[in-house]
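Notebook open, coffee at hand. Today I am looking up a few helices and what they pack against.

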Amino acid sequence: MDYTLMSLLEHEKGFEVLVGEDEALERVIKNVEEINTETNLAAIKNFSLCVLEKGAENLLNDELVLEELLAKDVVGLIVYVKNLSESFKDKARVCRIPIISAAGVKNQDWFNFLRRNLETSAISLMEHNIKMQQIFQNILLEDGGFKTICNQLSRLIENPVLIMDRFKEDIIYLDRSLREEREKYYQMDQRKLVNITEVYNRYNYQINRVIYAVKDKEERELHIKIGKNKDTLAYLVIVEKKEIFREQDFITIIQAANALALKLNFNRFVQTLARKTCNELIKELLAGKTQDKEVMIKRGELAGWDLTIPYQLYIFRFKDYYQFHDQEEGEGVYFLFDYQEKVIRYMHRIMKSRFPYRYIIFDYEDDILLLVNIHSDNLEDERRAVVRIVKEELERKFKKIKFYIGAGRYYHNCLEIRKSYRECLKALTVLRYGNISDEILFFEDIGILQILWEVDHNNLVKFTNEMLKGLIEYDRESQTDLINTLGVYLASDCKIQKTAEKLHVHPNTISYRIKRINEILGCDLKDFETKLNLSIAYKIYKFISNEEKDRSAEKGC
C-alpha cells in the first residue's frame with residue numbers, strides 16, 4: 001500500500017501540522033531522508049519526506065532551503081520544534097511543502113517505523129510490477145495487438161488510452177470510448193498546448209501531464225514516449241477522464257509501454273523486410289528489368305499488390321524542400337525521409353476516406369509514387385480530380401509543404417508502369433523548368449516536348465544555337481534580356497498589348513524590342529514557320545540553360 005504523511009499522523013500521536021492542507025498530506029512518500037547543515041540538498045531524491053535533525057534548527061531561518069526542497073518535489077518536512085517564523089511558514093505555503101512538528105511525539109521509534117512501512121510498500125509495488133509484467137507478457141505471447149494491450153491498460157487504470165505516432169501528429173490507435181470525438185484527435189492542429197509538467201520519472205521512463213485547450217475547454221492527458229531517446233517509436237497517451245494516479249498506476253502504464261515498444265519494434269522489423277521486398281520489386285518494375293508479366297504479378301502478390309489491374313501513376317515531389325528545410329528551426333525540423341513517412345501515412349487516410357479505388361503508395365528515391373486503379377465512365381476527368389484532391393488535402397494538412405506532381409498515361413499492363421514512370425519524370429522536368437503556373441502536369445499536356453525528348457541532346461543544342469545564338473550573344477554583350485521578351489511574345493500569340501501587360505512595360509517598348517529581335521536574328525516574326533521554329537528553340541533553350549544552372553549550383557555546394 002502507499003504510505004503518506006496522513007498515514008504517519010494517524011499511527012503516531014503527538015505530531016502537529018504546522019503547515020499543510022489535507023490534499024498535500026495525502027501525497028505518497030517514496031523515500032525518507034535526514035538532513036542537517038552539511039547535507040547537499042541537491043542530492044535529495046525526488047518525492048522524499050525530509051526530517052530535519054536536532055541541532056540543525058538554524059536552517060529554518062533560511063527560506064532558500066524551501067526553494068531547494070521545492071525543486072526536488074519533496075513530500076514534506078518534519079522538524080523537532082514547534083515555533084517557526086511566520087515568514088518561513090508563509091514561504092512553505094507558497095511552495096506547498098507541508099511542515100510537521102515531531103516535538104510532542106513520545107515514541108521516538110517512529111522514524112524506524114516509517115522506514116519499515118516504506119520497505120513494505122516497496123515490496124507491494126514490486127509484487128504489483130511483476131503481476132503487470134505477466135499480464136502484458138501473456139498478451140504478447142498470445143500475439144495480441146495494440147487493441148488488446150490498450151484495452152487491458154484502459155481497464156486497469158479506468159481511463160481511455162490512445163497511441164500517437166512519433167511526430168504526435170497522427171493516431172495509430174484510438175480507444176473505442178473516444179471514437180465519437182475522433183475529429184478532435186485526428187485534427188491535432190485544432191488543439192492548443194497550454195502546459196506540460198513532469199508527473200513521474202522512474203525506471204528510465206518520464207511521464208508528462210499535457211494540458212490542451214480544445215474549443216475553450218481544457219483537457220488533460222498523460223504522455224509517455226515509447227522507444228529509446230533517439231529512436232522514438234510512438235507515444236502512449238492516457239486521457240484523464242478520472243483523477244488517478246498512484247504509484248501502482250504508473251507502474252501499470254510503464255509495463256503497457258514496454259509491451260507496446262516490443263510490439264512496435266516487431267512491426268517495424270516486419271515492415272523493414274516487406275519494404276526490402278517492395279524496393280526490389282519497385283526497381284525492377286520501374287527499370288523494366290523483368291519482361292515476364294506473370295512473374296511480376298506473382299511478386300506483386302508477395303508485396304500485397306494487385307498488378308493484374310490497370311493503374312494511373314502520379315509522382316509527388318517535394319517543392320523547394322531543401323530551401324524550406326534550411327529555414328525551419330527547433331524540434332519540428334525533420335529529415336526528408338521523416339516527411340515522406342508522414343505524407344505517405346496521410347495519403348493512405350485520404351485514399352481510404354475519399355475514393356473507392358484500389359491503390360498502391362511507396363517512396364522511391366526522394367519521391368512518393370501513387371498508383372491508382374481508377375474505374376470511372378469519366379476516366380480523364382477522374383484522373384485529374386483524384387490528384388488535385390490528394391494534393392489539396394496534403395497541403396491543407398502540411399501547410400508548409402508544397403508539391404510538384406507529374407502524371408503519366410493510364411496503362412493496363414503492369415509492365416508498362418515503367419513507361420508511365422518515365423513520362424511522370426518528364427512532366428516533372430517541364431514543371432520545374434517551364435513557364436507553367438500549375439504544380440500538376442500530365443504527360444499528354446506537355447505538347448511537342450513529348451517528341452523533342454526523343455531527340456539526341458547534341459542535336460537539340462545545335463538547333464537552338466542555329467535559331468537563337470545571335471540573340472543570346474547580343475543579350476550577353478549589351479546586358480539586355482531580349483530572349484525573355486521573345487519567349488513571352490511567342491507565348492502571348494505574338495500580341496504586343498498582351499506581352500506588354502505580362503512584362504509590365506509600355507506597348508511601344510515591346511514594339512521596339514520586337515523590331516530589334518527581327519534585326520538581330522534576320523527574321524520576320526510574322527511568318528508562321530519562323531514563329532514555330534523560334535517557339536521550339538526557345539523551349540529547348542530554357543530547359544538546357546536551367547539544367548546547366550542546376551549542375552553549376554550542385555558543383556558549388
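I started just past helix 3, where D73 has a positive phi, near 55 degrees. Helices here are DSSP runs of H or I with at least four residues, strands are runs of E with at least two, and both are numbered from the N terminus. I noted that this is a predicted model, in which local features need pLDDT of at least 70, side-chain atom pairs count only at pLDDT 80 or more, and totals for chains, interfaces and linings use all residues. Residues are numbered from 1 along each chain as its sequence is written, and side-chain values use heavy atoms, leaving out hydrogens and water.

Next, the inside of helix 3. I found V65, L66 and L69 buried (under 20% relative accessible area; exposed is over 50%, partly exposed in between, with a 1.4 Å probe and protein chains only). Seen down the axis, these buried residues fall within an arc of 95 degrees, so they line one face of helix 3; the arc is taken from the directions from the helix axis to the C-beta atoms. The face turned away carries the exposed L64 and A71. Among the elements covering the buried residues are strand 3 (48-52), strand 4 (76-79) and helix 4.

That led me to helix 4 (residues 86-95), where F88, K89, A92 and C95 are buried. They span an arc of only 125 degrees around the axis, which puts them on the same side of helix 4. I see them packing against strand 1 (16-19), helix 3 (64-71) and strand 5 (99-101), with contact meaning heavy atoms within 4.5 Å. Just after helix 4, R96 also takes a positive phi, of about 60 degrees.
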